Amino acid sequence: MLNLLNKRLFWYLALPIIVINGWALLQIFQYFGRIITITVSATLLSFLLDYPVLFLEKHGVKRNRGVILVFLVALVIILVLGIILIPLLLEQLTGLIEKLPSWLESGNQQLESFDRWAFKRRLPINLTVWANQFTESLSSQLQDITGEIISFVLNTVGRIFDILITIVITFYLMLHGDRLWNGIFNWLPNHLDIHIRKSFRQNFENYFIGQATLACLMGVSMTISLLFLGTPFGLLFGIGIGLMTLVPFGTALGVTLVSLLITLENFWLGIKVLIVIVLIEQAIENFVAPRILGGFTGLNPVWILLSLLVGAQVWGVLGLLIAVPIAGFVKNTVNYLRYYAEFNP
């Protein structure tokens, strides 16, 4: 009884301290946001590029040569995609913004036609008033979102110094990252060192490799399908769905938004697009995703959503990308510490 009371008292005293420390960490993150963003971005890139380096090492290539080769190939690919793909996407995004008012007007006309059809058959349906309010809200929000995307891309491109620093740090992390992590983790007790290394790798490297693979597969398949169906702005929509796959639940949101936009312009084309992309999304989610990702995070969907909200609030787009692996890492570490404390009093 006394032991239980002591545990409760401990948590009553510890919770306010945890909240205060959490608030202090948020202030530190926001103050050093630029430095942390560069460091985290470089770390994630080094994690992703380390896999082909390890593959080359297994085939007899020395690590230094493998790092230089993989780094140069990745740099060339990024430059080529940036020169060819980004201007096309920005052009299509600008075109979508210009077409959006006419698409919304077309959607209103289709709903008015449906209302007239229902009125002739004395059906108690009237969607026009609701549709006007919905389209006005959708129009303003979509314009805000697209404006933020354009400004984000332009700001990212404009920060040439930050990009160069990120590239340099990525290269040195690929070369000397092991020594850096060893120096950090050696400060921890041996049992905690082993657990954190394993949990960190499981919740970060595997997650991002899996999500990046799914995003590429989803983006390519969606883009090909949309272009084959003759969808306007098919390249933009397909790559957009692929990028949203990097975030949990992002694929479903992207599919819904794309289908809705196309339906506003052409109802039957929107229905065909919805059927095709839902079939592709379900096939990838049910047959490919479990093999790549598995269930390693072990997080409840509610905690995933909360972690995404916190990540977006603290770090924006980067926070959305790292929120889930951080939440999984924290959960695994807390469970381990609780287990260790119970069996090693």
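**Exercise 1. The environment of D50**

Is D50 buried or exposed? Determine its class in this predicted model, then describe the salt bridges around this residue.

*Solution.*
Step 1. The relative accessible area of D50 is 16%. Buried means under 20% relative accessible area, so D50 is buried.
Step 2. The side chain of D50 meets that of R63 in a salt bridge, with an N to O distance of 2.8 Å.
Step 3. The pair links distant parts of the chain, since R63 belongs to helix α3 and D50 to helix α2 (residues 33-58), with their positions 13 residues apart.
Step 4. R63 also forms a salt bridge with E57, where the closest N and O atoms are 3.0 Å apart. E57 has a relative accessibility of 31% and therefore counts as partly exposed.
Step 5. D50, E57 and R63 are thus linked in a network of salt bridges. A search of the whole structure finds two salt bridges.

**Exercise 2. Confidence and overall architecture**

Establish where the confidence of the prediction is lowest and where it is highest, and summarise the secondary structure of the chain.

*Solution.*
Step 1. Begin with the chain as a whole: the mean pLDDT is 76, and 76% of the residues reach 70 or more.
Step 2. Turn to the individual elements. Helix α4 (residues 128-158) has the lowest confidence, with a mean of 59, whereas helix α7 (residues 234-244) has the highest, at 89.
Step 3. The secondary structure consists of 11 helices and zero strands.
Step 4. Burial and surface complete the outline. Of the 345 residues, 35% count as buried. The accessible surface comes to about 22000 Å², and carbon and sulfur atoms account for 71% of this area.
Step 5. Among contacts with a separation of 6 or more, 70% join residues that are 24 or more positions apart.

**Exercise 3. The nonpolar cores**

Which residues have the most contacts inside the largest nonpolar core, and which elements give two or more residues to this core?

*Solution.*
Step 1. The largest nonpolar core comprises 26 residues, and W103, M222 and F237 have the most contacts inside it.
Step 2. Two or more residues each come from α3 (63-120), α6 (190-228), α7, α8 (250-265) and α9 (267-292). The greatest share is that of α3, which gives six residues.
Step 3. Examine W103. Beyond the residues up to four places away in sequence, W103 touches L96, P232, F233, F237, L261, L264 and E265.
Step 4. A second, separate core has 22 residues, including I196, Y207, I322 and V324.

**Exercise 4. The surface of helix α3**

Is I84 buried or exposed? Identify the nonpolar surface patch to which I84 belongs, and compare the exposure class of E91.

*Solution.*
Step 1. I84 lies in helix α3. Its relative accessible area is 51%. Exposed means over 50%, so I84 is exposed.
Step 2. Together with V76, L79, V80, I83 and L88, I84 forms a nonpolar patch on the surface; the accessible area of the patch is about 560 Å².
Step 3. E91 is also found in helix α3. With a relative accessibility of 57%, E91 counts as exposed.
Step 4. For the spatial setting of E91, consider L236: the two C-alpha atoms are separated by 9.3 Å, while the residues are 145 positions apart along the chain.

**Exercise 5. Pairs separated in sequence**

How many residues apart in sequence are L26 and W315, and which residues are in contact with M244, leaving aside its neighbours within four places in sequence?

*Solution.*
Step 1. L26 has its place in helix α1 (residues 2-31). With a relative accessible area of 32%, L26 is partly exposed.
Step 2. L26 and W315 are 289 residues apart in sequence, and their C-alpha atoms are 9.9 Å apart in space.
Step 3. M244 lies in helix α7 and is partly exposed, with a relative accessible area of 28%.
Step 4. The C-alpha atoms of M244 and M218 are 9.6 Å apart, with their positions 26 residues apart in sequence.
Step 5. Once neighbours within four places are set aside, M244 is in contact with G250, T251, L253 and G254.

Note on methods: Residues are numbered from 1 along each chain as its sequence is written. This is a predicted model: local features need pLDDT of at least 70, side-chain atom pairs count only at pLDDT 80 or more; totals for chains, interfaces and linings use all residues. Side-chain values use heavy atoms; hydrogens and water are left out. pLDDT is the predictor's confidence in each residue, from 0 to 100. Helices (H or I, at least four residues) and strands (E, at least two) are DSSP runs, numbered from the N terminus. A nonpolar core is a set of buried Ala, Val, Leu, Ile, Met, Phe, Trp, Tyr and Cys residues joined through side-chain atoms within 4.5 Å. Buried means under 20% relative accessible area, exposed over 50%, partly exposed in between (1.4 Å probe, protein chains only). Contact means heavy atoms within 4.5 Å. Patches are made of residues with over 30% relative accessible area and no salt bridge: like charges are joined within 9 Å, nonpolar side chains (Val, Leu, Ile, Met, Phe, Trp, Tyr) within 5 Å. Accessible areas come from the Shrake-Rupley method with a 1.4 Å probe; for residues, only the protein chains shown count as cover. A salt bridge is a side-chain nitrogen of Lys or Arg within 4 Å of a carboxyl oxygen of Asp or Glu.
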